[in-house]
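Q: I have a model open and want to go through how its parts fit together. Can you take my questions as they come?
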Amino acid sequence: MDRIRIVGGRELNGVIPISGAKNAALPLMIASLLTPETLTLENVPDLADVNRLLRILGNHGVDHMVEGRRFGDSPDASRTIRLSARDIVDTTAPYELVSKMRASFWVVAPLLARMGEAKVSLPGGCAIGTRPVDLLIMALEKLGAKVEIEAGYVHATASRGLRGAEIEFPKVTVGGTHTAMMAAATAQGATRILNAAREPEVVDLAACLNKMGAKISGAGRSEIEIEGVGRLNGARHRVLPDRIEAGTYAIAAAMAGGDVLLAGAEAGALQNALDALVAAGAQVAVSNEGVRVKRNGAGLSPVDVETAPFPGFPTDLQAQFMALMTRAKGDSRITETIFENRFMHVQELARLGARIRLEGDVALVEGVERLEGAPVMATDLRASVSLVIAALAAEGETMVNRVYHLDRGFERLEAKLSGCGAVIERLSS
Ligand code: EPU
């Protein structure tokens, strides 16, 4: 298993290109199941989760072609992938595949919409919490599906097709909103989604579905309206930039100090986190090129944050911000409201010298003068990268184990950070 070695204490200076968003690419790829025509996605990040989903989709009959980089292209040039689900050959998504990546459960919606049937393994819990799919099933049932749970599988059928309906989510769910939009796009009649997730990735999926011929309006607001259409066609769509990757490197720059341009980052998708960084003492400037984050000399101020659905502070940046707060001059409170068990990084940050106390869904962080390198590991991808951030400011060497978590969500992490002066390398074993 690979490890990442980091020697802390260097400033970050330079440009970090921001990749396409993992959490947009995954549902967009899944949407390819809705049409027999080709869906071409540009700016698809080269990540373990993307490659795993390509294999899962292949099982259902989706052919894909990755357009190669041309000679002389930078390694950061974006990837284009063409997906063609001309014939769906299998409507079952087995446990072995779905258990490795929760988002693959979302195939249930397009398979059901197009084939009238889908049998998808329940994804089960994961390191950050129980993460049920009850609301996704509720949405499919509202649209007229018959859903049975048999031997760990969700078996959904709609022999006479799906019908538009009103779906009100009692809790904001990104996956639920993706599922409802994909299932309703080709249902008979109109659908209204109430209390929809407003995440930029939802907006991106709706934009792509509309290019495919869907009639979806209101994405990005709490109420989404969908007029069902008979069929969807192929399209070409560019995956939006990864706001969580951008936020992660923004926090890294604030932690290490220096001056970093996050090229291609969209500040609007990241406002809450950027405000928290400014409150902590970083300087943030937004331009056409992206977002520039600077911190020179001055210490970090403690800032309290509470995670919330978009446009609130993202749960996917909670661990990284906690790493930053370990070096603040004072105490901060970090409240996690989305997932019940997303504090697995706390013990590992403590190995680097952080002082953090957990009280239910609140982490009380007492800033310390110095962190010290140590061997660490993490159980999910955002937790892993929070350890990388802490290591950038720790004295001495940190070895981050279980790097496969990082590979699920951060494209060329070591190259991007070392390009800005960090001492970071991958050790293969
Ligand atoms: N929930 C239910 N029932 C459901 C669905 C969700 O109770 O049927 C609960 C969840 O347990 C959670 C809350 O609703 O407490 C929100 O979950 P949501 O459905 O929004 O999460 P998701 O769609 O499974 C996506 C991202 C996550 C990100 C969350 C929240 C992808 C592939 N995953 O998950 O990303 O944390 O939204 O923004 O888009 C990550 O990238 O590291 C990651 C975990």
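Q: Which strands does helix 2 lie across?
A: Helix 2 lies across strand 3, strand 4 and strand 5, and runs at about 15° to strand 5. Helices (H or I, at least four residues) and strands (E, at least two) are DSSP runs, numbered from the N terminus. Angles run from 0 to 180 degrees between N-to-C directions, with axes as lines fitted to C-alpha atoms, for helices over the stretch in contact.

Q: Before I go on, what sort of model is this?
A: A predicted model: local features need pLDDT of at least 70, side-chain atom pairs count only at pLDDT 80 or more, and totals for chains, interfaces and linings use all residues. Residues are numbered from 1 along each chain as its sequence is written, and side-chain values use heavy atoms, with hydrogens and water left out.

Q: Back to the sheet. What is the strand order?
A: The order is 4-5-3-14, in an open sheet of 4 strands with mixed pairing. Two strands pair if DSSP finds at least two bridges between them. Strand 4 (63–67) and strand 14 (235–238) are at the edges with a single partner strand each, so one side of each has no neighbour in the sheet.

Q: How do strand 3 and strand 5 run?
A: Antiparallel, with 5 bridges joining strand 3 (residues 38–44) to strand 5 (residues 79–84). In strand 5, I81 is the bridge partner of L41.

Q: And which strands does helix 7 touch?
A: Helix 7 (residues 200–211) packs on this sheet and touches strand 3 and strand 14. Its direction makes about 160° with that of strand 14.

Q: At what angle do helix 1 and helix 2 pack?
A: Helix 1 (residues 22–31) and helix 2 (residues 48–60) pack at about 10°, with axes 10 Å apart. That makes helix 1 roughly parallel to helix 2, a label for angles under 35 degrees.

Q: Which residues meet there?
A: From helix 1, K22, A25, L26, M29 and I30; from helix 2, D49, V50, L53, L54 and L57. Contact here means heavy atoms within 4.5 Å.

Q: Different topic. How many residues surround the ligand?
A: There are 23, and the closest are D134, L135, T173, D316 and I338. A residue counts as near if one of its heavy atoms lies within 4 Å.

Q: Where does D134 come in?
A: A polar side-chain atom of D134 lies 2.7 Å from a ligand nitrogen atom. For D316, a polar side-chain atom is 2.6 Å from an oxygen atom of the ligand.

Terms used. Angles under 35 degrees count as roughly parallel, over 145 as roughly antiparallel, 65 to 115 as roughly perpendicular and the rest as oblique. A polar contact is a pair of N or O atoms within 3.5 Å; within protein, one must be able to donate a hydrogen and the other to accept it, and residues adjacent in sequence count only if both atoms are side-chain atoms.
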